[in-house]
Amino acid sequence: MLKAPNALVAPKATQKPYKASHHGFEFNDPYFWLKDPGYPEVKDEEILGYLGQENKYFETVMNERKSLVDKVFEEIKGRQKEDDESVPWKDGAYEYRWAFAKGAEYRTWHRRKVGADDWDVLLDEVAEAEGLEFYRLGGLSVSPCERYLAYSADKNGSERFTVQVRNLETGENLSDEIVETSGEIIWSADGAGFFYVLVSKEWRPYRVCFHTLGSSDDSTVYEESDTSFFVHLSRTSSRAYLVIRTADHVTAENRIVPLKNPNTSPYVLSPRRKGHDYAVDHGDEGLYLRSNREHKNFCVYRAPVNAKGEEDWQVLLRGDDRHYLTGIRAFKGLLAIEESRDGLDQIRLLKTDGTDQYVAFPEPVYEVGLGNNAEFVQSQIRLSYSSLVTPPTVYDYDLASGQLITRKEQEIPSGYDKSAYRSERLMVKARDGVEVPVSLVYHKDWKKGTAAPLHLYGYGAYGLGMSPSFSSARLSLLDRGFAYAIAHIRGGDELGYGWYEAGKLEHRTNTFNDFVDVARYLETNDYAAPGGISISGGSAGGELMGAVVNQAPELFSAVVMHVPFVDVLNTMLDADLPLTPIEWPEWGNPIEDKAAYETIASYCPYTNMEAKEYPPMLVTGGLNDPRVTYWEPAKWTAKMRATKTDDNLLMMKINMGAGHGGKSGRFERFVEVAEEYVFVLMAFGLADDE
């Protein structure tokens with residue numbers, strides 16, 4: 001096991017008395033004080049001091065491996081095309097693209113008249129981000145008159161976006177500026193103004209407003225009063241309607257507003273009903289709705305725009321236990337449907353004449369989805385594709401010929417030979433008899449039974465399935481003899497919506513058990529040596545990491561926990577946090593429900609930590625993270641130092657100027673990947689070999 005350096009003294013957080021009682025249960029939390037009462041502003045000097053000590057400890061340890069971190073970083077960077085650019089897309093009278101200048105951390109967006117040779121700069125993110133520690137572009141939307149650009153940016157990782165408007169004829173920004181938004185922007189049909197969403201102090205998107213250019217008196221279009229529902233905006237494919245979607249994780253309600261008449265009161269398509277999730281688009285035949293009202297894997301319906309309610313919905317396509325309908329997109333003459341059949345991504349094209357077809361792809365296992373399709377009338381459908389061994393590829397599917405046309409495959413400048421890698425799909429029987437899919441990729445020279453290192457990744461929450469996709473960074477592990485596995489555990493939706501339901505609420509422990517059982521299978525069947533598996537996960541996947549090391553620490557040689565949601569019980573008991581009410585359908589409400597309290601308390605990683613040996617750990621977080629607040633990784637690290645009985649290395653890195661996704665720059669973020677990989681190499685004793 002990787003030991004902590006003897007010459008360094010690890011930080012030790014102060015313990016302070018704190019006691020809470022719920023449903024007759026009492027627990028002590030001596031690190032509760034790490035939550036700044038002034039959050040989202042963090043000014044407590046003691047808290048900042050402790051985080052600073054942990055960062056310094058991390059930097060001191062990793063400085064000993066700086067040359068290797070630099071080497072791995074340069075490997076990963078060398079696989080990125082520095083002067084990269086997107087496949088152009090047409091929208092109205094213009095073509096658009098983004099491009100990276102050589103060495104640039106951020107994109108520059110361009111447009112040109114259709115048929116023109118030269119591109120004009122639409123927005124230069126590099127210039128916008130100058131002098132900032134963090135920059136993330138949110139919305140980027142050209143007005144229908146094609147004269148104005150509205151764009152939003154987050155400049156500290158808090159996911160609070162400021163909207164600005166640029167006159168594309170003069171290149172100057174207007175005085176219009178809107179702060180504290182979600183970043184979404186939808187223009188009215190005449191380009192006189194746009195819709196946006198305000199976020200509350202607690203970071204809940206809750207109020208839809210309309211801004212008229214040049215005005216300071218924005219009107220409220222809709223306000224969501226239920227703190228468990230978040231509001232989002234979209235525009236139908238036909239560009240006829242604004243869609244206001246308010247939803248939690250299981251229930252949705254959609255309203256539409258005609259973009260030609262933005263002052264029209266929003267029209268509710270179907271009032272919210274607990275457990276009814278639906279989405280809407282608009283095309284040739286009126287409204288298209290994807291709804292789970294008849295089957296958990298969703299069905300697609302058609303309805304007139306003036307439908308009085310669900311009684312006017314007509315079934316267009318039924319989901320079933322094999323076919324999980326995950327998305328819809330209307331085009332002139334057809335409806336494109338994203339679905340999963342037996343766990344494999346599919347694109348189905350349903351034409352208005354009643355015929356349909358599936359798009360065929362060149363590999364047996366892959367991920368695919370609808371790409372950048374800007375217009376309603378298109379002769380080709382753009383698709384995004386990759387696999388464990390195939391770099392991200394942009395295809396255009398020609399509707400007339402039925403041919404896939406390759407527009408771009410991600411270039412690996414330092415070289416990549418696809419034939420040098422192999423992939424497998426395994427089915428692992430969990431302890432309750434359910435078979436769990438596992439995706440595995442490795443270099444062709446890797447062999448079972450040789451005690452080669454294996455890295456296992458998992459997530460398993462919110463119905464977000466982990467696709468078998470390509471990673472150029474991952475090659476730094478594969479080329480060093482690692483196998484890399486993805487456990488498609490319950491809680492994701494890889495095998496349909498029921499797969500998600502089987503890993504949430506009272507079934508949450510299935511997720512953790514699946515991951516442990518996959519690890520044991522890989523060990524038992526010679527994919528890895530005993531204790532020879534490193535693991536990683538982020539956010540809810542970080543919670544997974546905490547739960548599985550509590551359950552079976554002996555299986556793992558190293559654990560990487562990115563922005564880990566490990567303090568589940570305390571967070572679900574805090575209704576004032578922005579994400580707590582909307583999270584109750586996912587985890588349960590321990591405030592009102594004793595059974596939910598007992599379930600969460602039974603697995604909560606932070607509260608179930610024990611005095612025993614744990615594997616080496618790397619924990620990360622972001623001071624401005626509104627999703628998994630900084631004190632969750634901080635409390636986990638502080639308590640783990642005081643609880644575990646081993647002297648294995650435990651490090652924490654808190655990004656003091658970033659949020660949930662870490663650093664924002666294109667190359668800058670790879671430094672953190674390199675640090676993670678070097679930590680894993682250290683745990684396997686491989687860092688000294690280079």
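This is a short dialogue about some features of a predicted model.

Guide: The model is predicted: local features need pLDDT of at least 70, side-chain atom pairs count only at pLDDT 80 or more, and totals for chains, interfaces and linings use all residues. Residues are numbered from 1 along each chain as its sequence is written, and side-chain values use heavy atoms, with hydrogens and water left out.

Visitor: What makes the span of helix H1 agree with its number of residues?

Guide: Helices are DSSP runs of H or I with at least four residues, strands are runs of E with at least two, and both are numbered from the N terminus. The expected span is 1.5 Å times one less than the number of residues. H1 (residues 45-63) has 19 residues, so it should span 27 Å. Its end C-alpha atoms are 26 Å apart, which agrees.

Visitor: How do you know that the buried residues of H1 are on the same side?

Guide: Buried means under 20% relative accessible area, exposed over 50%, and partly exposed in between (1.4 Å probe, protein chains only). The buried residues of H1 include Ile47, Tyr50, Leu51 and Glu54. The arc is taken from the directions from the helix axis to the C-beta atoms. The buried residues cover an arc of only 155°, which puts them on the same side of H1. On the other side, Glu45, Lys56 and Asn63 are exposed.

Visitor: Why is Glu159 called buried or exposed?

Guide: Its relative accessibility is 8%, so Glu159 counts as buried. Glu159 lies in the loop between strand S8 (148-154) and strand S9 (161-167). Its phi is positive, about 60°, although Glu159 is not a glycine.

Visitor: Why does Asp526 count as partly exposed?

Guide: Asp526 has 45% relative accessibility, so it counts as partly exposed. The loop between helix H6 (509-524) and strand S35 (533-538) holds Asp526. Phi of Asp526 is positive too, near 70°.

Visitor: What about Gly465: why is it called partly exposed?

Guide: Gly465 is at 27% relative accessibility, so it is partly exposed. Contact means heavy atoms within 4.5 Å. Leaving aside neighbours within four places in sequence, Gly465 is in contact with Gly492, Asp493 and Glu494.

Visitor: How do you know that strands S24 and S25 pair?

Guide: Two strands pair if DSSP finds at least two bridges between them. Strand S24 (residues 334-341) and strand S25 (residues 344-351) have eight bridges, in the antiparallel sense. Leu335 has Leu350 in S25 as its bridge partner.
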